[in-house]
Amino acid sequence: MNSFMIPNHDIFLDSTITISNIGTWGIDIVTRKLNISKEIYSILNIKEDESINDIDQFIKSYVAPEFQRKMSSAIKLAIRSGKFSNNEYELISTDKISKWVIIKGTSVVEEGSSITKLIGSLIDVTELKRKSKLIEERTSFLDTVIQSMINPLYYKDDKGLYQYCNDAFCQLIGVDKKDIIGKSSITPLLDDVTDNHSQTDAQLMKSKSNQVFETKIKLPDGMLRDVVFHKSIHLNSEKQVIGLIGVIIDITSQKNYEKHILKESIIKDSILRLYTLVSSEEIEINLMKSFLSEMVLSLEDVNSGKIIDFTSPDNVKIIAYEGYENSDIENFNSKNISCSLIDIEFKRNSSPRIVSDFKSKKSCDYIVTNTGIYPETSILIPIILDDVNLIISLESNKKGAFSQDDIIISKYIQTEFLSLHMISELNRKTYALSRYDSLTGFMNRGFFNSVLDSRIELAKRNKELLAIVLFDLDGLKIVNDTYGHEAGDLYIRAFSNQIYSFFRKSDNFARIGGDEFIGIFSTTDADSLQSKIKIFKETFSLTPINYSSKPFRGRFSFGISIYPNDSLSTDFLIKIADDRMYIDKKATEKEEPIKYHL
């Protein structure tokens, strides 16, 4: 190990240096030989068997380039003057990691001689440097964040003097920052409206309390603003008060819109509940009634309401109502009230509007509210659909109950009603298209397969027979080619209509192809079912199908398979029924070739 040798009588000092992890160094002025302690070896990650004997070699190898000249100059100065300047340097370890150190030194003068040596210490301050830089960055970041805040913020020390504030605070009180820092009172603005602002701050710091309160302040332009003060005391590590932070939040806009936000929130909750109804039965009627009920209950000062259908202006009808007796509505609907102006007026201006003059008998506003009970004021919301025109009337017994804010809410109601109606219609159509054939009303193949699986599972549990019957309309292509596709559609509908009238509602039918149908029948006697289908077959073949002036007759073939007698598999049951249906078709054609003209 290379080390600077110190006199034996300084063993105690040597031990102290080692314990403190301070590196020591020495330079021989004549030979420029360098001796460094094991601590410096460790700091720079230098192997102990590596020899470093020359100060110039050390500077070139381990001192960062931008600090090499500085260190060389410090050594030269110490040699000339005997004074070694204590400086901070960046060193580079063998693993290329920056090490920040403070190097201190002094000169050694032997008795009766000039300077012969330089000795000193090296302290690793890398971690301190890192923490210092981190604190600096965080302080800069915090200052940037505070300055970017739209809320005014200030900081007072424990003497009540302003030590910091952001730009928003200066703008609020109309005073430059230089006229704020170091002052205890800067303007009567804060003291006057907060019951002696400075005195309150002093009391908070004395009691170590925080405070949040709402008040008003007068701005330099004379305007009053609603604000909230948030005051928090600042404690040091010993829990002693060293200052107070104050934040001012302008809530004027929030106060103005507080009522609007509350209304909107209630209405949105109501609308969300209504979306759950779009898939229920009789959805249009239920949607109307439920929508109106939710609106009357949700809007402040609304006592009653109704939805008026003016699709036919010559016969205006109330289709939903809330807050009225049935007799009032029946009386209105029995009058066959006409108002041709409604269609023109609301299509020209479909925005909601407030109405309070119901005295004019010529007014359509009077007509649509003429139920024998006249509200003081009403909001009329037009709903213009493709095939239906409606007016939603939300009514109050209070004069001047509605404002422009309610018009904004009404526009939201108008939009959401249209969305609800659109979704309900889409759901209804999607539901039908996903499960049923549009021409016959029978199930489609996909839905039928799920029903068939369920029916077989039920028959299995109950140990019952289940019949699968395939039907095939004979000659559909001939009918289409002879009379046209409208006649073909009529042929298909005639078949489906007669099935519905001939068999039970509990039996399930599906259209699985252009001229192919399938049915599920619960039965205890397959022969009896076959006989019944034969009767239906004969009846159908004898029933004329009237198409324009060209009536014709149709015919079908069928095949039956029985669960579980024929198979346990749905696929095999359908295949067996299909095979038997083609046997029936060939047999029927031999007995009686199909004829379509009467």
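How many aromatic pairs does a search of the whole structure find? In this predicted model, the search returns 33 aromatic pairs. One of them is formed by F502 and F536, whose ring centres are 5.1 Å apart and whose planes meet at 40°, an arrangement that is tilted. Because F502 belongs to helix α17 (residues 485-502) and F536 to helix α18 (residues 526-542), this pair ties together parts that are 34 residues apart in sequence. The two partners have unlike surroundings: F502, with 28% relative accessibility, counts as partly exposed, whereas F536, with 1% relative accessibility, counts as buried. F536 also pairs with F540, and since the ring centres are 6.3 Å apart and the planes stand at 40°, this pair is likewise tilted. F536 and F540 are 4 residues apart in helix α18 and are therefore separated by about one helical turn; both F536 and F540 are buried.

Aromatic rings are also accompanied by lysine side chains. K70 lies over the face of Y89, at 5.3 Å from the ring centre, and K177 is placed over the face of Y164, at 5.7 Å from the ring centre.

The chain as a whole provides the setting for these local features. It contains 19 helices and 19 strands, and of its 598 residues 41% count as buried. Among contacts between residues at least 6 apart in sequence, 54% join residues at least 24 apart. The chain exposes about 33,400 Å², of which carbon and sulfur atoms supply 52%.

In soluble globular proteins, nonpolar side chains tend to be buried together. In the present model, the largest nonpolar core has 32 residues, and those with the most contacts inside it are W25, F58 and L91. At least two residues of this core are supplied by each of β1 (23-28), β2 (34-36), α2 (38-43), α3 (55-62), α4 (65-81), β3 (87-92), β4 (98-109) and β5 (115-124), and the largest share, 5 residues, comes from α4. The surroundings of L91 can be described in further detail: when its neighbours within four places in sequence are left aside, L91 is in contact with residues including L44, F58, Y62, V63, A64 and M71, as well as I97, V101 and L122. A second, separate core comprises 29 residues, among them Y483, I545, F556 and F558.

Two further buried positions were examined individually. T523 is found in strand β18 (residues 516-523) and has a relative accessible area of 12%, which is why T523 counts as buried. The side chain of T523 reaches the backbone oxygen of D525 at 3.0 Å, and, with residues up to four places away in sequence not counted, T523 touches L465, A467 and L529. V388, by contrast, lies in a loop, the one between β14 (377-384) and β15 (389-396), yet V388 is also buried, with a relative accessible area of 13%. With residues up to four places away in sequence again excluded, V388 touches D309, T311 and I383. The C-alpha atoms of V388 and S312 are separated by 8.9 Å, although these two residues are 76 residues apart along the chain.

Technical notes: Residues are numbered from 1 along each chain as its sequence is written. This is a predicted model: local features need pLDDT of at least 70, side-chain atom pairs count only at pLDDT 80 or more; totals for chains, interfaces and linings use all residues. Side-chain values use heavy atoms; hydrogens and water are left out. Rings of Phe, Tyr and Trp (its six-membered ring) pair if their centres lie within 6.5 Å; planes under 30 degrees apart count as stacked, over 60 as edge-to-face and the rest as tilted. Buried means under 20% relative accessible area, exposed over 50%, partly exposed in between (1.4 Å probe, protein chains only). A charge sits over a ring if NZ of Lys or CZ of Arg is within 6 Å of the ring centre and within 35 degrees of the ring normal. A polar contact is a pair of N or O atoms within 3.5 Å; within protein, one must be able to donate a hydrogen and the other to accept it, and residues adjacent in sequence count only if both atoms are side-chain atoms. Contact means heavy atoms within 4.5 Å. A nonpolar core is a set of buried Ala, Val, Leu, Ile, Met, Phe, Trp, Tyr and Cys residues joined through side-chain atoms within 4.5 Å. Accessible areas come from the Shrake-Rupley method with a 1.4 Å probe; for residues, only the protein chains shown count as cover.
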